Amino acid sequence: MTALEITLRGAQVLTPEGLTTRDLSLSGGRIADTPLGRTVDLSGYMILPGIVDVHGDGFERHLAPRRGAMKDLAQGMIATEAELAANGITTAVLAQFYSWEGGMRGPEFADQVFAALAEVRECVETDLHAQLRFEMSLLDEYGAVEDMVARHGITYLVFNDHLPHAALAAGKRPQGLTGQALRIGRNPEKHLEFIQGLHARLPEVGPALERLSSALAARGVRLGSHDDSTAEGRRLARARGMTIAEFPETLEAAEEARAGGDHVIMGAPNLVRGGSHKGNVSAVDLVAMGLVDALASDYHYPSLRRAAFLLADGGICDLATAWGLISSGPARLLGLTDRGAIQPGLRADLVVLAPETRRVVATMAEGRISYLAGDAAHRFIG
């Protein structure tokens with residue numbers, strides 16, 4: 001689709017200074033500083049910067065709506081993009097596991113996901129990016145991961161460690177192991193034996209991780225750690241080049257990240273729920289303390305805009321600051337300097353909301369309409 005040359009008139013536009021009623025012109029996929037093209041009356045609506053989702057795995061339900069129903073991942077990607085656009089998201093990072101858990105989190109599925117993403121990326125309006133979430137205990141897979149990063153041009157990788165170390169160290173059978181094994185078609189005893197072997201090699205992980213992270217950083221890959229729980233763990237991650245702290249579990253880990261100049265990402269569902277479902281540190285508290293750079297959809301795309309308005313309505317911060325956590329903040333974190341705010345010369349990434357309901361009525365990515373509904377659609381078409 002060709003980018004629109006158009007002037008949007010009469011809406012409340014969110015700038016770094018706050019909401020102001022003004023005209024907004026678009027040309028060549030960018031925000032222009034002079035009136036251009038056809039005029040569309042958007043009085044009564046709000047126009048805000050397009051949402052940049054820095055980490056989301058909600059796409060999984062589109063790729064595999066039922067167990068075993070994973071026949072055409074490209075069509076699932078197209079359905080994902082439609083959901084992203086309907087939620088005002090103009091740039092999305094799709095977070096895909098490479099894990100010992102297998103199935104949809106196994107390496108074979110990751111390869112298929114990234115291939116499907118490449119197939120549809122040029123066919124959709126939303127700017128889609130890939131993140132690889134790698135389980136650091138998979139020592140025998142380090143070479144394969146480096147190869148996957150190179151083959152698919154992945155520029156963002158986060159290291160996870162979801163092994164149930166406490167149970168394994170105590171010689172116990174981890175909770176839910178049998179169900180997990182059966183879901184991926186693996187004998188439960190073989191699965192237990194496999195993860196016990198991974199746990200036993202834990203002392204080897206540190207040196208191997210340093211070599212891998214160094215090699216990835218040399219490729220220009222952004223590196224992060226997931227679920228930091230201690231200040232010491234965050235310092236160690238930073239020393240290994242992981243300058244992004246994704247969903248820190250404790251205040252001390254978040255404070256250490258901020259003190260060290262790292263980027264901190266928290267989950268928008270945590271904020272919308274009023275706290276972590278696992279009992280971790282509250283995202284609201286971290287935002288109030290100025291420790292968060294970006295909010296991510298995690299597993300629920302609608303939570304992003306809801307979180308921003310909850311922060312503003314609750315007096316935690318003003319709307320411009322709150323919205324920055326889902327637009328300019330994540331854009332900076334990803335090194336995307338051409339988006340995240342409504343300023344002349346930047347990408348025309350916009351979301352139009354109905355103020356009373358805060359429902360998304362239009363989304364534009366680089367000046368192209370990716371979602372349009374209701375009365376707003378009549379105004380654009382008319």
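Which residue of E12 stands opposite Ala245? Val264 does. The exercises below take this further.

This is a predicted model: local features need pLDDT of at least 70, side-chain atom pairs count only at pLDDT 80 or more, and totals for chains, interfaces and linings use all residues. Residues are numbered from 1 along each chain as its sequence is written, and side-chain values use heavy atoms, with hydrogens and water left out.

**Exercise 1. The sheet**

Task: Give the strand order of the open sheet of 8 strands, and find its edges.

Solution:
- Step 1. Learn the labels. Helices (H or I, at least four residues) and strands (E, at least two) are DSSP runs, numbered from the N terminus.
- Step 2. Learn the pairing rule. Two strands pair if DSSP finds at least two bridges between them.
- Step 3. Read the order. It is E6-E7-E8-E9-E10-E11-E12-E13, with parallel pairing.
- Step 4. Find the edges. E6 and E13 (294-296) each have a single partner strand, so one side of each is left without a neighbour in the sheet.
- Step 5. Add the twist. Neighbouring strands are turned by 25° against each other on average, direction ignored.
- Step 6. Check two pairs. E6 (residues 51-56) and E7 (residues 89-98) pair in the parallel sense over 4 bridges. Ile51 has Ile89 of E7 as its bridge partner. E11 and E12 (residues 263-267) are also parallel, over 3 bridges.

**Exercise 2. An edge strand and burial**

Task: State how many residues of E6 are buried.

Solution:
- Step 1. Fix the scale. Buried means under 20% relative accessible area, exposed over 50%, partly exposed in between (1.4 Å probe, protein chains only).
- Step 2. Count. In E6, 6 of its 6 residues are buried. The strand is mostly covered.

**Exercise 3. Two helix pairs**

Task: Describe how H2 packs on H3, and how H9 packs on H10.

Solution:
- Step 1. Set the geometry rule. Axes are lines fitted to C-alpha atoms, for helices over the stretch in contact, and angles run from 0 to 180 degrees between N-to-C directions.
- Step 2. Take H2 (residues 73-86) and H3. Their angle is about 65°, and their axes are 8 Å apart.
- Step 3. Give the hand. A crossing is left-handed if the near helix is turned anticlockwise from the far one by less than a right angle, and right-handed if clockwise. H2 and H3 cross in the right-handed sense.
- Step 4. Sort the residues. Ala, Val, Leu, Ile, Met, Phe, Trp, Tyr, Cys and Pro count as nonpolar, Asp, Glu, Lys and Arg as charged, and the others, Gly among them, as polar. The contact of H2 with H3 has 9 nonpolar, 1 polar and 1 charged residues.
- Step 5. Turn to H9 and H10 (residues 251-259). Their axes come within 8 Å and cross at roughly 35°. This crossing is right-handed.
- Step 6. Name the residues. Contact means heavy atoms within 4.5 Å. Ala231, Arg234, Arg235 and Arg238 in H9 meet Glu252, Ala253, Glu256 and Ala257 in H10. They divide into 3 nonpolar, no polar and 5 charged.

**Exercise 4. The cores**

Task: Find which residues touch the most other members of the largest nonpolar core.

Solution:
- Step 1. Define the set. A nonpolar core is a set of buried Ala, Val, Leu, Ile, Met, Phe, Trp, Tyr and Cys residues joined through side-chain atoms within 4.5 Å.
- Step 2. Read the members. Of 83 residues, Leu132, Phe134, Tyr142, Leu157, Phe159, Leu295 and Trp323 touch the most others.
- Step 3. Find the main source. H3 (residues 107-120) gives the largest share, 7 residues.
- Step 4. Look for another. A second, separate core of 22 residues includes Ile6, Ala11, Val13 and Tyr45.

**Exercise 5. Three loop residues**

Task: Decide whether Arg240, Phe247 and Pro344 are buried or exposed.

Solution:
- Step 1. Arg240 sits in the loop between H9 (231-239) and E11 (244-246). Its relative accessible area is 17%, so Arg240 is buried. Its contacts include Gly206 and Glu210.
- Step 2. Phe247 is in the loop between E11 and H10. At 10% relative accessibility, Phe247 is buried. Among the residues that Phe247 touches are His55, His226 and Met266.
- Step 3. Pro344 lies in the loop between H15 (328-333) and E14 (350-354). Its relative accessibility is 53%, so Pro344 counts as exposed. Pro344 touches Ile31, Ala32 and Asp33, not counting residues up to four places away in sequence.
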